[in-house]
Amino acid sequence: EVEDITARALERRITEPVVHDEIGRLAVTMNEMLERLEASSQRQRAFVADASHELRSPLASAQSELEVSLTHVTSTDWPDSARIVLGDLERVRRIVEDLSILARSDERTTNWSPGNVDLDDLVLRECTRLQRIAPLVIDASSVSGARVAGDPEQLGRATRNLLDNAVRHARSRVSVTLSQNSEGAVLEVSDDGPGVSAEDRGRIFERFVRVDSSRARSSGGSGLGLAIVYEIITAHGGTVEVTDAKPGARFTVWLPGADVAR
């Protein structure tokens with residue numbers, strides 16, 4: 001039976017003997033392994049399909065823009081057309097970069113440079129960036145000093161993804177708080193947008209998950225930003241969760257302090 005099971009037939013199982021001797025235990029172990037392999041294969045196929053869909057959308061948009069522009073060469077506003085195509089290509093670049101980060105995380109080949117990180121510096125830097133470009137109130141008045149152990153580049157990316165996600169969904173305001181106690185640092189990012197339903201809170205950190213339509217990726221996300229946040233934070237020994245901010249969503253990150261992490 002084992003010889004007939006291939007990569008194209010992972011749904012098949014070995015007949016388990018009634019007698020639970022060594023052969024029977026081996027059959028049970030083999031079936032459990034096949035279940036894990038089948039689940040992994042299904043996740044991989046779904047991931048490839050979702051990634052293909054995400055890449056196809058901006059590429060199709062860029063192609064359509066160029067085709068229309070070339071059909072009306074003399075009347076086309078070429079600088080405007082170029083900006084549209086450039087925006088689509090920037091979205092492709094972000095998706096490819098996000099996929100690369102997740103692939104390296106899966107393979108545990110991410111090159112991190114651990115050290116003591118002033119998390120408040122990273123948070124305030126991202127808040128300043130968004131205050132310049134976002135038509136929203138970015139309230140960072142409750143950000144206090146916090147030092148954690150980790151890679152500054154990766155923690156900076158996680159912070160940026162959290163804040164970018166909040167800005168995409170906020171109606172008028174994003175609030176950021178950061179504090180530290182004897183055990184670690186707590187970062188909270190809240191928006192006054194539509195929030196995340198209770199049934200979606202356990203899924204929102206999965207890759208390419210479509211939650212409620214009011215927080216859909218039509219707002220500009222790739223569906224990978226929060227998955228990257230989860231991977232980075234958990235790799236640093238921390239946790240991340242989403243709760244109701246009434247209104248909106250509140251994302252809470254806990255990271256062990258620099259002294260605790262040692």
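Here a trainee and a mentor talk through a predicted model of one protein.

Trainee: How many helices and strands are in the protein?
Mentor: Start with the order along the sequence. The pattern reads α-α-β-α-β-β-α-β-β-α-β-β-α. The count is six helices and seven strands.

Trainee: What share of the residues is buried?
Mentor: Buried means under 20% relative accessible area. The protein has 262 residues, and the buried share of them is 39%.

Trainee: Of the contacts between residues at least 6 apart in sequence, what share joins residues at least 24 apart?
Mentor: A contact needs heavy atoms within 4.5 Å. Take the pairs at least 6 apart in sequence; the share that joins residues at least 24 apart is 65%.

Trainee: How much of the accessible surface belongs to carbon and sulfur atoms?
Mentor: Take the total first. The accessible surface comes to about 15000 Å². The part belonging to carbon and sulfur atoms is 52%.

Trainee: Which residue forms a salt bridge with Asp 80?
Mentor: Look in helix H2, residues 78–106. The partner sits three residues from Asp 80, so about one helical turn separates the two. The closest N and O atoms are 3.9 Å apart, and the cut-off is 4 Å. The partner is Arg 83.

Trainee: Is Arg 83 buried or exposed?
Mentor: Compare the pair. Asp 80 has 33% relative accessibility and counts as partly exposed. Exposed means over 50%. Arg 83 has 55% relative accessibility, so Arg 83 is exposed.

Trainee: What is the N to O distance between Glu 90 and Arg 93?
Mentor: Both residues lie in helix H2, about one turn apart. Glu 90 is partly exposed at 31%. Arg 93 is partly exposed too, at 42%. Their side chains meet in a salt bridge, with an N to O distance of 2.6 Å.

Trainee: Which helix holds Arg 157, the salt-bridge partner of Glu 97?
Mentor: The closest N and O atoms of this pair are 2.6 Å apart. Glu 97 lies in helix H2, and the pair ties together parts that are 60 residues apart in sequence. Arg 157 lies in residues 152–169, which is helix H4.

Trainee: Is Arg 157 buried or exposed?
Mentor: Its partner Glu 97 has 28% relative accessibility and counts as partly exposed. Arg 157 has 12%, and the buried limit is under 20%. So Arg 157 is buried.

Trainee: Which residues do salt bridges with shared partners join into one network?
Mentor: By the salt-bridge rule, the protein has 12 of them. Some share partners. Those join Arg 125, Glu 126, Arg 129, Arg 160 and Asp 164.

Trainee: Which residues touch the most other members of the largest nonpolar core?
Mentor: In soluble globular proteins, nonpolar side chains tend to be buried together. The largest nonpolar core here has 47 residues. The ones touching the most other members are Leu 119, Val 174 and Val 176.

Trainee: Which element gives the most to this core?
Mentor: The core draws at least three residues from each of domain 1 (1–109) and domain 2 (115–256). The top contributor gives six residues. That element is H4.

Trainee: Which residues does Asn 161 touch, not counting those up to four places away in sequence?
Mentor: Asn 161 is found in helix H4. Its relative accessible area is 12%, so Asn 161 is buried. Leaving out residues up to four places away, Asn 161 touches Gly 225, Ile 228 and Val 229.

Terms used: Residues are numbered from 1 along each chain as its sequence is written. This is a predicted model: local features need pLDDT of at least 70, side-chain atom pairs count only at pLDDT 80 or more; totals for chains, interfaces and linings use all residues. Side-chain values use heavy atoms; hydrogens and water are left out. Helices (H or I, at least four residues) and strands (E, at least two) are DSSP runs, numbered from the N terminus. Buried means under 20% relative accessible area, exposed over 50%, partly exposed in between (1.4 Å probe, protein chains only). Accessible areas come from the Shrake-Rupley method with a 1.4 Å probe; for residues, only the protein chains shown count as cover. A nonpolar core is a set of buried Ala, Val, Leu, Ile, Met, Phe, Trp, Tyr and Cys residues joined through side-chain atoms within 4.5 Å. Domain bounds come from an automatic or database domain assignment.
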